[in-house]
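I have a new structure open and a blank notebook page. I'll jot down what I look up, one entry at a time.

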Amino acid sequence: MAKNSAKDIEVKAFATHHVITQPNPLRKVLRRVDEKDMDDPVGRAEQALASLSGEFKDWMTVEVQRLSIAWTAVQKDGFTKKLRDELFHAAHDIKGDAATFGFPSAAVIAESLCRVIEHAPDLEKVPAELFTHHINAILAIVHENTRLDSISVSAELSRRLRKVADDYLANVNRDRPEHLEVILAPSIAPVD
Amino acid sequence: MFRIDFNKLRFLVCDDNPHMRRILRTLLHSFGAREVYEAEDGATALEMYSHYVPDIVITDWAMPIFDGLELAQMIRQPESKGNPYAPIIMLTGHSEKRRVTVARDAGVTEFLAKPISAKGLYQRILNVVANPRPFIKTKTYFGPDRRRNTNSAYMGPERRVGEKHEVLQQPSLLDKARSTI
């Protein structure tokens, strides 16, 4: 779809700024339909997503392997910038994807791990157990997910790990108000 | 009631995670989109942006080479030969309020926190198609108007200078005090 030409664009100049308006270049894709229209694009997309769900366990396994490899590298060579970033990105992807893949507790734990990596003033001084507990819990949740009785256990586990991580972060950041503010701020992630 | 003809829209999806790209592609195709281009890093996305001229960009934040924030900043270059006005939807695992502010200040049009849902994505696309905001250019910012609501009574330090509401007179503290006596 072509963008608007320069002559369509209206610019109003003010003392400190310009306001630029243009005819909506995407207006042609909007179509008025009858209220009784039965088309349901969101429902269709949800069905398509559900049809992918058979692959989610395998995808999640790939994600946790990446996390595990990143942590092994950190244990071997320490928190270099590259290894720190790899560990963070692996955890961050699980934080974003795991709920979609059917592992919401793993997403909560990965978020907690991301917060530790992001807000600990010195990663070398963070007790290694804090990392291993998070990573082992994510691995266990993914491996044990098929057992129905493990769901409430994983939810409880994620809550406790988050509490331990938050207490640690609040303590080590007590003199860093900008971090403390972020740590204590509520998440904007949608809750299903 | 309005529907979007997705088959007339061209999307550019940028995410380094192949699983998330697959999910996005699946959702967009299910909505009816035919043209969905994919990039796995910001540099490739910028190249594809110039080449394919997408109508809507959906980008992750954390990516190698340069990230989604930098991609947004590079697209929002008012003097660039490409289209600096395309809607940018930031789809990210970052879920802190300050991140929304940073993304907004980089020129991102809509912010969508993961986990992704079909409804959330559809609503963001509907919003950028049906309710585009004017663009604002200042010394330090070029992008969609960051103020979604107009408050003509606003008198704070970030009030824009030169617009109608600039001439609104704020009652002095003395006048206020008198009126309450």
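**Entry: strand 2 of chain B**

I started in chain B, keeping in mind that this is a predicted model. I checked burial along strand 2 of chain B: four of its five residues are buried, so the strand is largely enclosed by the rest of the structure.

Next I wanted its partners. Strand 2 of chain B, residues 10–14, pairs with strand 4 of chain B, residues 56–59, in the parallel sense over four bridges. One pair I noted here is B:Val13 with its bridge partner B:Ile58 in strand 4 of chain B. Strand 2 of chain B is also joined to strand 3 of chain B, by five bridges, and these two run parallel. There I wrote down B:Phe11, whose bridge partner in strand 3 of chain B is B:Val36.

**Entry: the sheet in chain B**

I then followed the pairing outward. What is the order of the strands in this open sheet of chain B? I read it as 3-2-4-5-6, five strands with parallel pairing. The edges are strand 3 (35–39) and strand 6 (110–113) of chain B, each pairing on one side only. On average, neighbouring strands of this sheet are turned by 20° against each other, direction ignored.

Which strands does helix 2 of chain B touch? Helix 2 (residues 42–52) packs on the sheet and touches strand 2, strand 3 and strand 4 of chain B. Its direction makes about 170° with that of strand 2 of chain B. Helix 5 of chain B, residues 118–130, packs on the sheet too, touching strand 4, strand 5 (88–92) and strand 6 of chain B. I get about 180° between the direction of helix 5 and that of strand 6 of chain B.

**Entry: a helix pair across the chains**

Helix 5 of chain B turned up again when I looked at chain A. Helix 1 of chain A (residues 41–52) packs with helix 5 of chain B at an angle of about 140°, their axes 9 Å apart. That angle makes helix 1 of chain A oblique to helix 5 of chain B. I logged the crossing of these two helices as right-handed.

Which residues make this contact? From helix 1 of chain A they are A:Pro41, A:Val42, A:Ala45, A:Glu46 and A:Leu49, and from helix 5 of chain B they are B:Ala118, B:Lys119 and B:Tyr122. By class, I have six nonpolar, no polar and two charged residues in this contact.

**Entry: the whole contact between the chains**

I widened the view. The contact takes 48 residues from chain B and 46 residues from chain A. On the chain B side, strand 1 (2–4), helix 1 (18–31), helix 4 (97–105), helix 5 and strand 7 (135–137) each supply at least two residues. Which element gives the largest share of that side? It's helix 1 of chain B, with seven residues. The classes on the chain B side are 23 nonpolar, twelve polar and 13 charged residues.

**Entry: strands that pair between chains**

Last, I looked up a sheet that draws on both chains. This open sheet of four strands has the order 1(A)-2(A)-7(B)-8(B), with antiparallel pairing. Its edge strands are strand 1 (10–13) of chain A and strand 8 (142–144) of chain B. Strand 2 of chain A (residues 18–21) joins strand 7 of chain B through three bridges, running antiparallel. In that pairing A:Ile20 stands opposite B:Phe135.

I also found strand 3 of chain A (residues 30–32) pairing with strand 1 of chain B in the antiparallel sense over three bridges. A:Arg31 stands opposite B:Arg3 there.

Definitions and conventions:
Residues numbered from 1 in each chain as written. Chains lettered and ligands numbered in written order. Predicted model: local features only at pLDDT ≥ 70, side-chain atom pairs only at ≥ 80, totals over all residues. Pairing = 2+ DSSP bridges. Axes fitted to C-alpha atoms, helices over the stretch in contact; angles between N-to-C directions. Contact = placed C-beta atoms within 7 Å. Parallel < 35°, antiparallel > 145°, perpendicular 65-115°, else oblique. Left-handed = near helix turned anticlockwise from the far one by under 90°. Nonpolar A, V, L, I, M, F, W, Y, C, P; charged D, E, K, R; others polar. Buried ≥ 20, exposed ≤ 12 C-beta atoms within 10 Å, placed from the backbone.
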